[in-house]
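Open the model in your viewer and keep the selection panel at hand. Each stop below gives something to select and tells you what is there.

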Amino acid sequence: MTRLVVRDLRKRYGGIAALAGIALEIERPGIYGLIGPNGAGKTTLFDIIAGGIAPDSGEVLLDGRSVTGLPSHRMAALGVARTFQECRILLEETCLDNLLFAAQRKDFIATLGQFLSRSQAARRAQRAEAMRLLQLVRLEEYAEVPAANLSFGQRRLLEIVSTFITAPSVFLLDEPASG
């Protein structure tokens with residue numbers, strides 16, 4: 001079954017065409033790569049798929065449903081996660097807190113519901129999953145260390161596992177080996 005379909009996506013920034021009719025189909029399960037020179041539009045494509053920006057025209061379908069133009073928090077709720085070219089983590093927070101923050105839904109109603117109904121068992125389970133992910137990338141000894149103390153490579157690993165904690169079904173890695 002096709003998981004992600006992009007049809008004739010177009011995006012312009014002034015006189016520059018960042019995307020000019022991009023189309024692709026991603027089947028599941030699978031690991032796919034998108035290769036192109038700097039400025040080819042890869043990040044713009046990821047921004048549109050993940051809901052960071054809207055296309056000028058074209059369509060994005062997820063499991064046969066049009067999700068074109070949905071905001072990023074809605075796309076995240078539908079199982080789409082991404083990393084960025086620049087590592088985006090909370091430097092002042094501990095590695096564990098970065099993962100626990102990433103695990104929270106970001107819309108107001110969900111946040112209110114989590115605040116009012118979270119059980120201690122759910123919190124323990126979430127913390128255990130965060131620790132498992134830190135162990136997966138050999139950062140468990142840094143769980144209580146501010147992320148600012150990590151090397152760049154460790155920060156990138158923290159960013160990647162911060163997206164894993166949401167258990168995404170579509171995971172977009174933008175320049176995962178940069179730096």
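The tour starts with the whole chain and then moves through single elements and residues.

**Whole chain**

Keep in mind that this is a predicted model. Show the chain as a cartoon and colour it by secondary structure. Six helices and six strands appear. Trace them along the sequence, and the order reads β-β-α-β-β-α-β-α-α-α-α-β.

Now display the C-alpha atoms alone. They fill a box of roughly 50 × 35 × 30 Å along the principal axes. The radius of gyration is 17 Å, which agrees with the value near 16 Å for a compact globule of 179 residues.

Turn on the surface. Its accessible area is about 10,400 Å², and 56% of that belongs to carbon and sulfur atoms. Of the 179 residues, 34% are buried.

Which share of the contacts between residues at least 6 apart in sequence joins residues at least 24 apart? The share is 64%.

Colour by charge next. The chain has 21 positive and 19 negative charges, and their mean positions lie 4 Å apart.

**Strand 1: arginine 3**

Select residues 2–13 for strand 1, and pick out arginine 3 within the strand. Is arginine 3 buried or exposed? Its relative accessibility is 6%, so arginine 3 counts as buried; the cut-off for buried is under 20%.

Show what surrounds it. Beyond the neighbours within four places in sequence, arginine 3 is in contact with Ile26, Glu27 and Arg28. Leu61, Leu62, Asp63 and Leu78 also touch arginine 3. Ser169 and Val170 complete the list of contacts.

**The network around arginine 3**

Select Arg3, Arg28 and Asp63 together and show their side chains. Salt bridges link these three in a network. Measure from aspartate 63 to arginine 28: the closest N and O atoms of this salt bridge are 3.0 Å apart. Aspartate 63 sits in the loop between strand 3 and strand 4 (65–66), and arginine 28 in the loop between strand 2 (16–27) and helix 1, so the pair ties together parts 35 residues apart in sequence.

Check the cover on each partner. Aspartate 63 is partly exposed at 31% relative accessibility. Arginine 28 is partly exposed too, at 42%.

**Strand 1 again: lysine 11**

Stay with strand 1 and select lysine 11 with aspartate 56. Their side chains meet in a salt bridge, 3.6 Å from N to O. Lysine 11 lies in strand 1 and aspartate 56 in the loop between helix 1 and strand 3 (57–62), so the bridge joins parts 45 residues apart in sequence.

The two ends have unlike surroundings. Lysine 11 is buried, with a relative accessible area of 13%. Aspartate 56 is partly exposed, at 46%. To continue the survey, show every salt bridge: the structure holds eleven.

**Helix 1**

Select residues 42–49. Why does helix 1 count as largely enclosed by the rest of the structure? Seven of its eight residues are buried, so the rest of the structure encloses most of the helix. The buried ones are Lys42, Thr44, Leu45, Phe46, Asp47, Ile48 and Ile49. Step past the end of the helix to glycine 51, where phi is positive, near 90°.

**Helix 3**

Move to residues 95–103, which form helix 3. Seven of the nine residues in helix 3 are buried, so this helix is largely enclosed as well. Highlight Cys95, Leu96, Asn98, Leu99, Leu100, Ala102 and Ala103 to see the buried set. Then add helix 5 (120–136) and helix 6; both are among the cover over these buried residues.

Now select phenylalanine 101, which is also in helix 3. Phenylalanine 101 is partly exposed, with a relative accessible area of 41%. Draw a line from its C-alpha to that of arginine 132. The two residues are 31 apart in sequence and 16 Å apart in space.

**Helix 6**

Finish at residues 152–164, helix 6, and select arginine 156 and glutamate 159. These two form a salt bridge, with the closest N and O atoms 2.7 Å apart. They are three residues apart, about one turn of the helix. In an α-helix there are 3.6 residues a turn, so residues three or four places apart point the same way. Both arginine 156 and glutamate 159 are buried.

Terms used
Residues numbered from 1 in each chain as written. Predicted model: local features only at pLDDT ≥ 70, side-chain atom pairs only at ≥ 80, totals over all residues. Heavy atoms only, no water. Helix = DSSP H or I, 4+ residues; strand = E, 2+ residues; numbered from the N terminus. Rg over C-alpha atoms; globule rule 2.2 N^0.38 Å. Buried < 20%, exposed > 50% of the residue type's maximum accessible area, 1.4 Å probe, protein only. Contact = heavy atoms within 4.5 Å. Areas by Shrake-Rupley, 256 points an atom, 1.4 Å probe, with all protein chains shown as cover. Lys, Arg positive; Asp, Glu negative; His and termini not counted. Charge placed at Lys NZ, Arg CZ, Asp CG, Glu CD. Salt bridge = Lys/Arg side-chain N within 4 Å of Asp/Glu carboxyl O.
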